[in-house]
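Please keep the model open in your viewer, with a selection box and side-chain display at hand. The stops below go from rings to a helix and then to charged pairs.

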Amino acid sequence: MNAPINAPKLYDCRDAFATTLERLAAENETIVAVCNDSVGSSKLGGFKAKFGERLVNVGIAEQNMVGVAAGLANGGRLPFVCAAAPFLTGRSLEQIKADISYSNANVKLVGISSGMAYGELGPTHHSIEDFAWTRVLPNLPVIAPCDRIETAAAVEWAAAYNGPCFLRLSRVGVPDLLPEGHKFELGKANLLRQGSDVTLIANGTLTHRILKAAEILAERGINARVLNLATVRPIDEDAIIAAAKETGAIVTAEEHSIFGGLGSAVAEVVVDNAPVPMKRLGVPGVYAPTGSAEFLLDEFGMAPTAIADAAQSLIRRK
């Protein structure tokens, strides 16, 4: 099927990650990549060609991979650990807790193909629990960039940051949303659209969908504020509280379970500071079935029109 005329170009955020990592590695010889037999899916082919001696492929042994990275960090290296998000987090959570978070090791965890990007491979390959698992850990910033520009900026930030972090990257193509040269600020939301009737909040692959939903709402005479909340921890409480007080209703959308993820993080801030009606869109506490990521997002009520409908319904509760 041909793309619609004037459709925005879509980019794989893994490419921006890989290109940025290679550039940083050329400038900083302490940078190493550690992976679990995922050179291809992590887009590390260029890194391997240029810095083969600085690529550690441990094979399909994710717990060992995280431990190796912690040891490399203790030895003065700057490891970027690259693996499919469901296996990096699910299989290695104890090591992430003890060796990375508790030890405050300078390790950058990069969860590739997050959310339902591996949709056709089924529930075992969906990563719809990783926000919940990682954002509860102290010392571990949790970041989900919305496009290739924010991905590159977040990788630059991570390399300069003295401490661990978790970067959540999809393989699903997304359009550019932020301006070239954007600088990533930990814990700061990006206001993508001003509005006073309701606030739409997302990150990662859902951000461009809530922008489309805001356009649909505008056609209905509803003025929606749009926030890209790339940092799930530490979260931008000021932006959330302002949105609650100024718009009176909040809809969150995420490629994650509605339990423990972005929506839960936003709700915690709202209920403590400025209670308003909320709707959390995401996977409703079930194992997502097999199917493409686009199909599954639509199936779980996160097509732009469905998001707009949820927002419009929520406004009636204000």
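Two rings of Phe, Tyr or Trp, taking the six-membered ring of Trp, are called an aromatic pair here if their centres lie within 6.5 Å. Bear in mind throughout that this is a predicted model.

**Aromatic rings**

With that cut-off, a search of the whole structure finds three aromatic pairs. Select Phe47 and Phe51 to begin with, whose ring centres are 5.2 Å apart and whose planes stand at 55 degrees, a tilted arrangement. Both of these residues, Phe47 and Phe51, are buried.

Move next to Trp157 and Phe184, where the ring centres are 5.6 Å apart and the planes meet at 65 degrees, so this pair counts as edge-to-face. Colouring by secondary structure will help at this stop, because Trp157 belongs to helix α7 (residues 148-160) while Phe184 sits in the loop between β6 (165-168) and β7 (190-193), so that the pair ties together parts 27 residues apart in sequence. Trp157 and Phe184 are each buried. If you add Tyr161 to the selection, you will have the three members of one aromatic cluster, Trp157, Tyr161 and Phe184.

**Helix α7**

Stay with the helix that carries Trp157 and select the whole of α7. Its 13 residues should span 18 Å at 1.5 Å a residue, and the C-alpha atoms at its ends are 19 Å apart, which agrees. Is this helix mostly covered or mostly uncovered? It is mostly covered, since ten of the 13 residues of α7 are buried. Among those buried residues are Ile149, Glu150, Thr151, Val155 and Trp157, together with several alanines, including Ala152 and Ala153.

At the N-terminal end of α7, show the side chain of Asp147, which caps the helix with a side-chain oxygen 3.2 Å from the backbone nitrogen of Ile149.

**Charges over rings**

From there, select Arg148 together with Tyr11, and you will find the charged end of Arg148 over the ring of Tyr11, at 4.4 Å from the ring centre. A further case is Arg168, which lies over the face of Phe131, 4.2 Å from the centre of that ring.

**Salt bridges**

Side chains of opposite charge can pair when their charged atoms come close. The structure holds 14 salt bridges, and a few of them are worth selecting one by one.

Arg14 and Asp12 meet in a salt bridge with an N to O distance of 2.6 Å. Arg14 has a relative accessibility of 6% and counts as buried, and Asp12, at 15%, counts as buried too.

Glu268 and Arg135 come next, in a salt bridge of 2.8 Å from N to O. This pair links distant parts of the chain, with Glu268 in helix α10 (residues 262-273) and Arg135 in helix α6 (residues 130-135), 133 residues apart. Glu268 is partly exposed, with a relative accessible area of 40%, whereas Arg135 is buried, with 15%.

Then select Asp309 and Arg220, whose side chains meet in a salt bridge of 2.9 Å, N to O. Asp309 is in helix α12 (residues 304-315) and Arg220 in the loop between α8 (207-219) and β9 (224-228), so the pair ties together parts 89 residues apart in sequence. Asp309 is partly exposed, with a relative accessible area of 39%, and Arg220, at 33%, counts as partly exposed as well.

For the last stop, select Arg23, Glu27 and Glu156, which are linked in a network of salt bridges.

Conventions:
Residues numbered from 1 in each chain as written. Predicted model: local features only at pLDDT ≥ 70, side-chain atom pairs only at ≥ 80, totals over all residues. Heavy atoms only, no water. Phe/Tyr/Trp six-rings, centres within 6.5 Å; stacked < 30°, edge-to-face > 60°. Buried < 20%, exposed > 50% of the residue type's maximum accessible area, 1.4 Å probe, protein only. Helix = DSSP H or I, 4+ residues; strand = E, 2+ residues; numbered from the N terminus. Lys NZ or Arg CZ within 6 Å of the ring centre and 35° of its normal. Expected span 1.5 Å × (residues − 1). Polar contact = N/O pair within 3.5 Å; in protein donor to acceptor, adjacent residues only side chain to side chain. Salt bridge = Lys/Arg side-chain N within 4 Å of Asp/Glu carboxyl O.
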